[in-house]
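Notebook open, coffee ready. I want to look up a few things about how these chains are put together.

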Amino acid sequence: MTLSRRTFLKMTGATALTGLVAAVPWVGAHPAQAAPNRDALHVLSRATWGATPPDIALIEQLGIEAWLDGQLDWQAIPDPRMDAYLFFHPILMAAPPDIIKAVEEDYGRAYHSLVWTRLYRAAHSNRQLYERAVEFWTDHFNIPSPDILAGKILDDRTVPRTHALGRFSDLLRASATSPAMLYYLDNATSVVAHPNENYARELMELHTLGADGGYSEKDVKEVARILTGWTLDWEGEWPAFVFNGDIHDWGEKIVLGRIFPAGRGIEEGHDLLEFLAAHPSTARFISFKLIRFFVADQPPDSLVDSTADLFARTSGHIPSLIKHIFMSAEFYEQVGTKFRRPTDLLVAMLRALRPGLSFTNSQWLLYELEPLGHVPYRWFPPNGYPHHSMAWINTGALLTRWNLAFTLARTDEGWYDGLRFDRNLMCPDATTVGEWIDQASDAILHAPLAESERGWLVDLIGEGAGERVPLTEELRLYRSSTLYGLLMSSPYFQWM
Amino acid sequence: MLNRRDLLKSFGLGVVGVSPALFPRWIPKLAFGSSATPARVQADGGRDVLVNIFLRGGMDGLNTVVPFGEGALYYDKRPTLAIPEPSTRPLTAIDLDGYFGLHPALRPLKEVWDADALTIIHAAGSIDPTRSHFDAMEYMERGTPGSKTTPSGWINRHLQTAAWQNDSPFRALGMGAMLQSSLRGAVSTLALKSIAAFHLGGREDQLEAIQAAIAGVYAIQAPQDLLQREAAQVYAAMGMLNGINPDSYTPENGAAYPDTEFGNGLKQIAMVIKADLGLEVACVDLGGWDTHESQGGAEGWHAELLTELGQGLGAFYADLQAWMADVTVVTMSEFGRRLEENASAGTDHGHGNVMFVMGGGARSQLYADWIGLSPDVLDDGDLAVTVDYRDVLSEIMLARLGNDKITQVFPDYAPNIRGIILPRA
């Protein structure tokens, strides 16, 4: 499989000498930058898991704002393909005792249902922006699945998927009372004699105020006291959230200067969550994180300010915040500046190859994410998979990303569990090498390549015989994976 | 009509590939060295390979190197978790000096200690008071407690400021899918999950063409941006790893690495050291130490992690015995854990912790500016930090890595040099 070092050097030496076709470095701006529909493509690159021709047609027809409004009204978007799919994964909709039963009966199947569905929804749901928002909140309220599978399946449905485009305070309350969260961050075992600070700390640091949100170690201890008694009912049919006054600290607490008087039970916990959700540090922190996810690794101050302001005015109405971010001037200055995270990359490839690619239930695709460190729900610390591009750029990862592109592009040659790629359905109308390259660039990069890059690809794919060389079956057979793989492993496809 | 051979030929010659000038100075050995002929790790002498192990989650140092000499001050605070005093019974601490003892799961490290190659520094850590995992790790790895805006990691700045420069793509290696923060910065570093998987895929009959084409589109001959720089590193590293067959690797001296990501990471670092690829620093992580609940004492969660740590370090030491005079391993963790156990039979975030140093710079010594566990000297209920972790790393830089640019690696910091680390012979 690998070239020996000698062959490798020989090859490079030989080509350097002959140089029949000089390689053209693709160092310019992404071709979509120059496209007339640049703004719409930019919105799609961040608000979907990879633009497809129908997405592009729709946003051009509606205009950006109307398209966003439509996506944010996610429940009104028909999603028949997902409805049909979910019929076969009843565990995702089951009542808690039935989830537990299904996990106990077949852990592997339940795990696959959860994790594979994440990819399937990203690739196929019509509610694309909603699925992006779910991804954001899944990271924000991170809970890894392996040890808490049943709880995670319930949490996924009742926390991010219920409130991703709702109000932040509702989302926070759902998370704070989610059995998986109570278990994962140990609040379920926090008692008055020895409060466990784990959840209290992450609630402020990761979920609401942010590490620089102005709280102290003393505040952490006080919040832990307020939340004593927020635990799980281990006696019932399933470990539901319950408040247990026997282990609650009924004394007075002070958090960030606010007094929580003595003698109050569960209600002071709810007051605390409302207080944190409405705190200016939270408005700023959530705005900052949303902008880092959707816009830029270094969120522009002006946009953080205006979004935090809107957070305060709308009581944390998430769709308003997202719309504001996507309609801001700052957003349109950030074309091609976010590095696709591994799952974004894989799903974007699946969507780009969709005319020829069909997949139903592929364990194999999930394995491909493992060496890239981005299997859904497998990030163990509570801060969630990083959103910052730099976390994902490294030498080993780049090679793995190239390999993913070429491996996926050549799945037409073999049999893969749950996956089929028919190369004849990709760019089916192309009759010459030139047309093939143009259609492939359009399908994968959504814009024509620069002349120099196109000319170089014509020479590479058409063996120097020009762009009018007829596109034969044999050329398709030999060059499909090289053409599609190269476009998907190019620098342009790594950024969005 | 083209035939397959013409197709291949045109591919092979059709594009300009990688300039051989990319790797003129590092000609890898095509086999692993063995202890019969150990290459000096750095042929030009003068410095060790540094292996930095980060124990993520906040290791409980007080149950790792147990201050049993504190008596009730330790035992009363940990009624269910404490490690019993050294005795002839099983599952008791392994005595080191009559006051401190190793957790019983760390038996492999006792052998390293007995071989005079393990230094333990207790009550060490970062002086910043944060009890946040993420802030504490970032501060520690960036080398600037209290400042998250430092753009690079301390190891990267060490490489930037070292008197020598080395253009091997294996100069700095981070084991895992993602690069450690300590390695981030201007010097290019390699994140590697598996040596065996480090080659280009795609159609075998067009591999050369694909290799050449990607080299072209990423402009690896004259990289201009970050991604192109990484791409150039991929090519250089692929070229060097072609001589290495990880399947043929047999650890020496009966070393048995745990079959875990951590164990395999250490094994692959050993391979790269023995293959003499120009390695200067390597980072590997062992996570899972956030034992808020059901931590266990001599057995259980924490003990299992220590077993993995001890077996990994023990295997690394045995495997690289002939190299060890030129290798320094140092472990750290973002913070220790609270002295008093919580109601969940676990421990919450604390402060001071244990660092292990193994290899050339170590001798069997337990160093601590120990002020004890009485309530008046605790830092908010936690073991106080009396040795700044930067002091230990500064000593390693000076004594083992030949770099005295401490103020550039740890800005605004004047380390206290205590002579804990042995200078190179």
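First I pinned down a term: a residue is buried if 20 or more other C-beta atoms lie within 10 Å of its own, exposed if 12 or fewer, and partly exposed in between, with C-beta atoms placed from the backbone. By that rule, 51% of the 496 residues of chain A count as buried.

Note to self: this is a predicted model, where local features need pLDDT of at least 70, side-chain atom pairs count only at pLDDT 80 or more, and totals for chains, interfaces and linings use all residues. Residues are numbered from 1 along each chain as its sequence is written, while chains are lettered from A and ligands numbered from 1 in the order in which they are written.

**Chain A overall.** I looked up 25 helices and 6 strands in chain A; helices (H or I, at least four residues) and strands (E, at least two) are DSSP runs, numbered from the N terminus. The C-alpha trace of chain A spans about 85 × 50 × 50 Å along its principal axes.

**Strand E6 of chain B.** Which residues of E6(B) point which way? Ala172(B) and Gly174(B) point one way, Leu173(B) and Met175(B) the other way, and all are buried.

Next I checked the neighbours; two strands pair if DSSP finds at least two bridges between them. E6(B) (residues 172–175) runs parallel to E8(B) (residues 281–287), with 3 bridges joining them. Gly174(B) has Cys283(B) as its bridge partner there. E6(B) is also joined by 3 bridges to E7(B) (residues 190–192), again parallel. In E7(B), Ala191(B) stands opposite Gly174(B).
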